[in-house]
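User: I am new to this structure and would like to understand the terms used to describe it. Could you take me through them step by step?

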Amino acid sequence: MMEDRQTVKESIKQIQFVKKRIAQLRMDRGMSERQLSKLLFKSPNYIGTVLDLKNPNGSPSLNMFFEICAVLEISPKEFFEDGHALQNQTDGIIQEILRLTRGEEDKLDNLLYFLKKMEPEWFLKTLELMKA
């Protein structure tokens, strides 16, 4: 159970890393949140909402992550290279994601959406059931 709580904490840290990294890259390019939102064909407040660290449900979908990388002119691998503690694991995950079919990408997006909406206690119970 303690290990599962650690997993949830680690997931939260990784989501915060992604949000902070997008913000850093956007600012490095002299781009406002509104400008980035517009380039992604989203509402003017989209990026501000997604990057809000107080909003645990606000993170980009997998497809949107790739679009953000494209607009910021950075590869997904480069996105995670700067100061990310789990570089080897991240590289492996990116390689697996790149092999997904469009249908599998949609399923992964749905799964990630579902996981973000899940209460931490329910998530931990689900992990326990999967291990059994």
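**Reading the terms against the values**

Analyst: The accessible surface of the protein chain comes to about 9000 Å², and 57% of that surface belongs to carbon and sulfur atoms. Please keep in mind throughout that this is a predicted model.

User: What makes up the fold of the protein chain, in helices and strands?

Analyst: The protein chain has eight helices and zero strands, so that its pattern along the sequence reads α-α-α-α-α-α-α-α. Of the contacts with a separation of 6 or more, 59% join residues 24 or more positions apart. As for burial, 33% of the 132 residues count as buried.

User: Why is R26 called buried?

Analyst: A residue is called buried when its relative accessible area is under 20%, and R26 has a relative accessibility of 10%, so R26 counts as buried. This arginine lies in helix α1, which spans residues 2–28.

User: What does R26 touch, leaving aside residues up to four places away in sequence?

Analyst: With those residues left aside, R26 touches M31, S32, E33, L36, I47 and L72. For M31 there is also a distance to give, since a polar atom of the R26 side chain lies 2.7 Å from the backbone oxygen of M31. A polar contact requires a pair of N or O atoms within 3.5 Å, and the 2.7 Å between R26 and M31 is within that limit.

User: How do you know that E96 and R99 form a salt bridge?

Analyst: The term calls for a side-chain nitrogen of Lys or Arg within 4 Å of a carboxyl oxygen of Asp or Glu. In the pair E96 and R99 the closest N and O atoms are 2.6 Å apart, so the pair meets the cut-off and is called a salt bridge. R99 is exposed, because its relative accessible area of 55% is over 50%, whereas E96, at 48%, falls between the two limits of 20% and 50% and therefore counts as partly exposed.

User: How many salt bridges does the structure hold, and what makes R102, E105 and D106 a network?

Analyst: The structure holds four salt bridges. R102 forms one with E105, at 3.4 Å from N to O, and R102 forms another with D106, where the closest N and O atoms are 3.9 Å apart. Both distances are within 4 Å, and these bridges link R102, E105 and D106 in a network.

User: Why are these partners about one helical turn apart?

Analyst: E105 and R102 are three residues apart in helix α7, and this is why they are separated by about one helical turn. D106 and R102 are four residues apart in helix α7, so they too are separated by about one helical turn.

User: Which of the three is buried, partly exposed or exposed?

Analyst: E105 counts as buried, because its relative accessibility of 17% is under 20%. D106, at 32%, lies between the limits and is therefore partly exposed, while R102, at 52%, is over 50% and so is exposed.

User: What makes the nonpolar patch, and why can L115 belong to it?

Analyst: The patch is formed on the surface by L111, L112, F114, L115 and W122, which together have about 450 Å² of accessible area. Helix α7, residues 102–117, gives the most to this patch, with four residues, and L115 has its place in that helix. A patch residue needs over 30% relative accessible area, and L115, with 32%, therefore passes that threshold while being called partly exposed.

User: What is notable about the phi of F41 and of E73?

Analyst: Most residues other than glycine have a negative phi. F41 has a positive phi of about 60° although it is not a glycine, and E73, also not a glycine, has a positive phi of about 55°. F41 is placed in the loop between α2 (33–39) and α3 (46–51), and E73 lies in the loop between α4 (62–71) and α5 (76–81).

User: Are F41 and E73 buried or exposed, and how do you know?

Analyst: The limit for calling a residue exposed is over 50% relative accessible area. F41 has a relative accessibility of 77% and therefore counts as exposed, and E73, with a relative accessible area of 71%, is exposed by that limit as well.

Terms used: Residues are numbered from 1 along each chain as its sequence is written. This is a predicted model: local features need pLDDT of at least 70, side-chain atom pairs count only at pLDDT 80 or more; totals for chains, interfaces and linings use all residues. Side-chain values use heavy atoms; hydrogens and water are left out. Helices (H or I, at least four residues) and strands (E, at least two) are DSSP runs, numbered from the N terminus. Buried means under 20% relative accessible area, exposed over 50%, partly exposed in between (1.4 Å probe, protein chains only). Contact means heavy atoms within 4.5 Å. Accessible areas come from the Shrake-Rupley method with a 1.4 Å probe; for residues, only the protein chains shown count as cover. Patches are made of residues with over 30% relative accessible area and no salt bridge: like charges are joined within 9 Å, nonpolar side chains (Val, Leu, Ile, Met, Phe, Trp, Tyr) within 5 Å. A polar contact is a pair of N or O atoms within 3.5 Å; within protein, one must be able to donate a hydrogen and the other to accept it, and residues adjacent in sequence count only if both atoms are side-chain atoms.
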